[in-house]
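Please consider the structure shown below, with attention to how its helices pack and where its surface opens into pockets.

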Amino acid sequence: MKERFGERIRRKRTELKLGLRETATKVGISPTYLSRIETMEEKSQPAEDVIRKLATLLNDDFDELMTLAGRVSEDVEKVIKADPTMPEFLRTVGEKNISGADLMKLLDAQQKKGKR
């Protein structure tokens, strides 16, 4: 079963032996709010800047946390809005189980081929 956003935050925080209050203070939110995030009592997910701070503090991947929170980052949203074919492209990549690393290898190979 896929780990939920709040569960991930709690797991990473406890792995790093960070207390709830200490983590909340470092991220700039209240301990009560962090507790609600972790227990998923909070109906709305935290703002992007809070997720970014949590990712940095917990040494976690920002994009994965955004995905777990059911959001996309502003920069990714801009890319999707700028190119109307992007959502279909991303669905196709997902359906074919092509990893991001494989796509980067293809892009790199294509760029090297273009330089020849």
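The following paragraphs treat one helix pair and then two pockets.

The model is predicted, so local features need pLDDT of at least 70 and side-chain atom pairs pLDDT 80 or more, whereas totals for chains, interfaces and linings use all residues. Residues are numbered from 1 along each chain as its sequence is written, and side-chain values use heavy atoms, without hydrogens or water.

Helix α2 (residues 20-27) packs against helix α3 (residues 31-38) at about 105°, with the axes 8 Å apart. Helices here are DSSP runs (H or I, at least four residues) numbered from the N terminus; axes are lines fitted to C-alpha atoms over the stretch in contact, and angles run from 0 to 180 degrees between N-to-C directions. The two helices are therefore roughly perpendicular, a term covering 65 to 115 degrees. In this contact (heavy atoms within 4.5 Å), α2 contributes L20, R21, T23 and A24, and α3 contributes P31, L34, S35 and E38.

A pocket is an open set of points on a 1 Å grid over the protein atoms alone, where a 1.4 Å probe fits, with protein on both sides within 12 Å along at least five of seven lines; lining residues have an atom within 4 Å of a point. The largest pocket has a volume (the space filled by probe spheres set on the points) of about 240 Å³. Its lining includes V76, F89 and L103, and α7 (86-95) gives the most, four residues.

The second largest pocket, of about 150 Å³, is lined by D63, M66, T67, R71, V72, S73 and V76. Helix α5 (residues 62-68) supplies the largest share of that lining, three residues.

Definitions and conventions:
Parallel < 35°, antiparallel > 145°, perpendicular 65-115°, else oblique.
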